[in-house]
Amino acid sequence: MTNQIIGIVISVLFPLSVQAQTEIGKELKADVNRAAGMFYTRPVGKMPHDTPAPAGKKPFYINHYGCPGAYYLDKPEYYTETYAIFAKADSLGKLTKLGQDVFHRISLLCDDAKDRYGELTEKGAQQSRALMKQMVERFPDMFTPDGYYSVRSVVENRCILTMQEALLQLSAMQQPLTARSKTSQQEKPFMNPEDKQLTDMRLDSLTKARFERFRLLNSDDGRLMGSLFNDQNYVITNIDASELTKQLFILAGDMQHSTSAGKLMLYDIFTPQEIHRNWRKQNAWHYINYGGCTLNGGYQAYLQRALLRNMMHMGDSMMCRETPLMHLRYTHASVVMSLACLMDLDGYGLHTSNLDSLEAYGWANYRIAPLGGSIEMIHYRSGRGDPDVLVKVLLNGHEARLPIESDCAPYYHWNDVKRYYLRKLYRYENRRFNSNAKER
């Protein structure tokens, strides 16, 4: 019996010892803010390197889908509920010295976010402008006096503000500027679609059970609670330790967006292993909801099929244009994540039921759809009437690998790209139609 128990302990601890040495583990240690996942602020930094386009080819059309820059959490309870828990414990003398210090930090964070829930932060505004500046400098052929810029956003405060900051930066760098901005529910079918059939499949009984098991294997809240509260009986009877840990971890990731960024942090209350484990739970949750997780069928990314079809249609419709055109679209991070998975950029279309394997495959939420993240499909040609248009896709500014053969990667022949994705969408629609027909 003893040997069996030892074997079980080793089987649980061994994956954790291996995960600490993964590339993702090293990335989290190098920049702990990455542990915020989809709330990680995409750094602007140095302009990414571009592989030279084949001779004579120049960009003439860019289709851009981006998510909002750094913003205050849109759910007030992340701030208020956590504050209330610490305020009550403090009034009863139940906080340790560290707990009192954490309460002070949370108070400052709550004051900063008050009445700004879901709004772009100052850092987010600067980030949006910097990303647009980099785009203009990176693709000068696209920004000419005869160019046209169609700029749209979903009806969401942070997305609208991100769009406006980008447009203000563009107008400051390009004169004269011919552009039109718009935010309307009319864009929702392809910029933020809904599909009840798919969303109802997300958390079926099997998926819930497997995620709960994964969550429990990556949870150990005792040490953290003991460091914050001086009475463990009080914790047991008054606090949901798992929920409070989750809220504190979310607030830790939110610190990088606030006015206190660089001065205060919350990640220091977690051990490196706890940071890794909490990120793993969050990452698996995003994979289940927006990726190709086969536990719930593997089709959640197809929620963005109308968006991908629209990209193919717009690419074809631009062929006859003589002057540059850019579509700048601003939507939710979940849309960008699902689109990246549907397009299988850099292998993120991964299909697996093993939540423990995500790191080994390099599937990481902060790599796919951080705040300020984007997918850009850039079309190249030698001139109007060129029969061999090429496209390159950028994921968060970096040249992405497509699941398509090419003799000039990271550039791909437009006809090959269009054929591949339209066939992929057709196969899904055909499978779904036949499945629904059988059920009827």
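Okay, one definition before anything else: when I say helix or strand today, I mean a DSSP run, with at least four residues of H or I for a helix and at least two of E for a strand, numbered from the N terminus. Counted that way, the protein has 17 helices and eight strands. And keep in mind that this is a predicted model.

Let's start with the overall picture. How does the radius of gyration sit against that of a compact globule? For 440 residues the globule value would be near 22 Å, and the protein comes out at 24 Å, so the two agree. If you lay the C-alpha atoms along the principal axes, they fill a box of roughly 75 × 50 × 45 Å. As for burial, 52% of the 440 residues are buried.

Now the empty space, pockets to begin with. The largest pocket holds about 1,000 Å³. Its lining runs to 33 residues, and the ones nearest the centre are Tyr 78, Lys 246, Ile 250, Trp 285 and His 286. Which elements give two or more residues to that lining? Those are α9 (205–217), α12 (241–254), α13 (272–290) and α15 (333–342). Of these, α13 gives the most, seven residues. If you're thinking about the chemistry of that wall, the split is 14 nonpolar, eight polar and eleven charged.

The second largest pocket has a volume of about 440 Å³. Here 21 residues do the lining, with Pro 43, Tyr 366, Arg 367, Asn 396 and His 398 closest to the centre. Elements supplying at least two residues each are α5, α16 (365–368) and β7 (398–399). By class, you get ten nonpolar, four polar and seven charged residues.

On to the closed spaces. How many cavities of 30 Å³ or more are there? The count is four. The largest cavity contains about 200 Å³ of space. It is lined by 20 residues, and Arg 42, His 64, Leu 131, Met 132 and Met 135 sit nearest its centre. Four elements turn up with at least two lining residues each: β1 (58–66), α5 (122–138), α6 (157–173) and β5 (374–381). The largest share is from α5, with six residues. So α5 is one to click on in the viewer, because it helps line the largest cavity and also the second largest pocket, with its helix status resting on the DSSP runs. The cavity wall itself has seven nonpolar, ten polar and three charged residues.

Right, salt bridges. Side chains of opposite charge can pair when their charged atoms come close. In this model the count is 30 salt bridges.

Take Asp 74 and Arg 158: their side chains meet at 3.5 Å, N to O. Asp 74 is in the loop between β1 and α3 (77–91), while Arg 158 is in helix α6, so this pair links distant parts of the chain, 84 residues apart. Are the two ends buried or exposed? Asp 74 is partly exposed at 34% relative accessibility, whereas Arg 158 is buried at 7%. Arg 158 has another partner as well: Glu 156 forms a salt bridge with Arg 158, again with 3.5 Å between the closest N and O atoms. Glu 156 counts as partly exposed, with a relative accessible area of 26%.

Next pair, Glu 187 with Arg 152, where the closest N and O atoms are 3.0 Å apart. Glu 187 lies in the loop between β3 (179–183) and α7 (188–191), and Arg 152 is in strand β2 (residues 148–153), so the bridge ties together parts that are 35 residues apart in sequence. In this one the acid is the buried end, with Glu 187 at 3% relative accessibility, and Arg 152 is partly exposed at 22%.

There's a network, too: salt bridges that share partners join Asp 195, Arg 305, Arg 309, Glu 429 and Arg 432.

Last item, cysteines. How many disulfides does the model have? The count is zero. Cys 110 is buried at 12% relative accessible area, and Cys 408 is buried at 18%. The cut-off for buried is under 20%, so Cys 408 does fall on the buried side.

How values were computed
Residues are numbered from 1 along each chain as its sequence is written. This is a predicted model: local features need pLDDT of at least 70, side-chain atom pairs count only at pLDDT 80 or more; totals for chains, interfaces and linings use all residues. Side-chain values use heavy atoms; hydrogens and water are left out. On a 1 Å grid over the protein atoms alone, a cavity is a set of points where a 1.4 Å probe fits but cannot get out, and a pocket is an open set with protein on both sides within 12 Å along at least five of seven lines; lining residues have an atom within 4 Å of a point. Grid points are joined across faces, edges and corners, and a volume is the space filled by probe spheres set on the points. Ala, Val, Leu, Ile, Met, Phe, Trp, Tyr, Cys and Pro count as nonpolar, Asp, Glu, Lys and Arg as charged, and the others, Gly among them, as polar. A disulfide is a pair of cysteine sulfur atoms within 2.5 Å. Buried means under 20% relative accessible area, exposed over 50%, partly exposed in between (1.4 Å probe, protein chains only). A salt bridge is a side-chain nitrogen of Lys or Arg within 4 Å of a carboxyl oxygen of Asp or Glu. The radius of gyration is taken over C-alpha atoms; the globule rule is 2.2 Å times the number of residues to the power 0.38.
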